Amino acid sequence: MDPFAAMTRVLASDSSMSRPATFVSAAGGGVEIPVRVIISEGEPISMIGGGRMVSPSVVIEVVAADLVGIEPGPGDVFRVAGGDGGGPVVEHVVRGDPRRAVGGAVWVCEAPPR
């Protein structure tokens, strides 16, 4: 196994770094796939003309091997359990085109809460 993929698996399985979630494809079919996700929130700064724009965002990272044969896309949903899995479930809707990172081992999706 690729060392980056192995590291990602370790981080995704650590309950202090990740949360349990369910992936639901916008394509339908009713298939729900259990995954673990790492959520990061930030405010990326974009340069537009001569100004700067700060836009809040939520990024969800999911181990690509958990979604074998599936490419997340706009409209897909991650239902993320709050806290240690005991809090309320929050739905995050993917927008834009997710990309692969960490040598292809991770899907990175911009997915603000609904």
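Biologist: Which residue in β2 is the bridge partner of Ala21?

Modeller: In this predicted model, Ala21 has Val35 of β2 as its bridge partner.

Biologist: How do you know that β1 and β2 are paired strands, and in which sense do they run?

Modeller: Pairing requires at least two bridges between the strands, and β1 (residues 19-24) and β2 (residues 32-42) are joined over 6 bridges in the antiparallel sense, so the two strands count as paired. Val24 also belongs to this picture, standing opposite Glu32 in β2.

Biologist: What makes β6 a partner of β1?

Modeller: The argument is again one of bridges, since two strands pair if at least two bridges lie between them; β1 and β6 have 4 bridges and run antiparallel, so they meet the condition. Within this pairing, the bridge partner of Phe23 is Phe78 in β6.

Biologist: What is the order of the strands in the open sheet, and how are neighbouring strands turned against each other?

Modeller: The sheet holds 7 strands in the order β7-β6-β1-β2-β5-β9-β8, with antiparallel pairing. On average, and with direction ignored, neighbouring strands are turned by 35 degrees against each other.

Biologist: Why are β7 and β8 said to stand at the edges?

Modeller: Each of them, β7 (89-93) and β8 (95-101), has a single partner strand, so one side of each is left without a neighbour in the sheet. For β8, 4 bridges make the connection to β9, and the two strands run antiparallel, with Arg100 having Trp107 of β9 as its bridge partner. The hairpin of β8 and β9 has 4 residues between the strands, and there Val102 takes a positive phi near 50 degrees.

Biologist: What makes His92 count as buried, and where in the fold is this residue placed?

Modeller: His92 is placed in strand β7. Buried means under 20% relative accessible area, and His92 has a relative accessibility of 6%, so this residue counts as buried. The side chain of His92 reaches the backbone oxygen of Ala111 at 2.9 Å. Once neighbours within four places in sequence are left aside, the contacts of His92 include Ile39, Val58, Ile60, Phe78, Ala111, Pro112 and Pro113.

Biologist: Why is Glu61 called partly exposed?

Modeller: The class of partly exposed residues lies between the limits of 20% and 50%, and the relative accessible area of Glu61 is 27%, so Glu61 belongs to that class. Glu61 has its place in strand β5 and touches Arg36, Val37, Ile38, Val106, Trp107 and Val108, not counting residues up to four places away in sequence. Its C-alpha atom is separated by 9.1 Å from that of Ala101, although the two residues are 40 residues apart along the chain.

Biologist: How do you know that Asp2 is partly exposed, and where does this residue lie?

Modeller: Asp2 has its place in the segment before α1 (3-13). With a relative accessible area of 36%, Asp2 falls between 20% and 50% and is therefore partly exposed. From C-alpha to C-alpha, Asp2 and Ala105 are 8.7 Å apart in space, while 103 residues apart in sequence.

Biologist: Which residues have the most contacts inside the largest nonpolar core, and which elements give two or more residues to this core?

Modeller: The largest nonpolar core has 15 residues, and Val35, Val37, Val62, Leu67 and Phe78 are those with the most contacts inside it. Two or more residues come from each of β1, β2, β5 (57-63), β6 (77-81) and β9 (106-110), and β2 gives the most, with 3 residues. As for Val62, leaving aside neighbours within four places in sequence, this residue is in contact with Val35, Arg36, Val37, Leu67, Phe78, Ala105, Val106 and Trp107.

Biologist: What is the make-up of the chain, and what share of its residues is buried?

Modeller: The chain has 1 helix and 9 strands, which follow the pattern α-β-β-β-β-β-β-β-β-β along the sequence. Buried residues make up 32% of the 114 residues. The accessible surface of the chain comes to about 6,600 Å², and 56% of this surface belongs to carbon and sulfur atoms. Among contacts between residues at least 6 apart in sequence, 45% join residues at least 24 apart.

Key
Residues are numbered from 1 along each chain as its sequence is written. This is a predicted model: local features need pLDDT of at least 70, side-chain atom pairs count only at pLDDT 80 or more; totals for chains, interfaces and linings use all residues. Side-chain values use heavy atoms; hydrogens and water are left out. Axes are lines fitted to C-alpha atoms, for helices over the stretch in contact, and angles run from 0 to 180 degrees between N-to-C directions. A nonpolar core is a set of buried Ala, Val, Leu, Ile, Met, Phe, Trp, Tyr and Cys residues joined through side-chain atoms within 4.5 Å. Buried means under 20% relative accessible area, exposed over 50%, partly exposed in between (1.4 Å probe, protein chains only). Contact means heavy atoms within 4.5 Å. A polar contact is a pair of N or O atoms within 3.5 Å; within protein, one must be able to donate a hydrogen and the other to accept it, and residues adjacent in sequence count only if both atoms are side-chain atoms. Accessible areas come from the Shrake-Rupley method with a 1.4 Å probe; for residues, only the protein chains shown count as cover.
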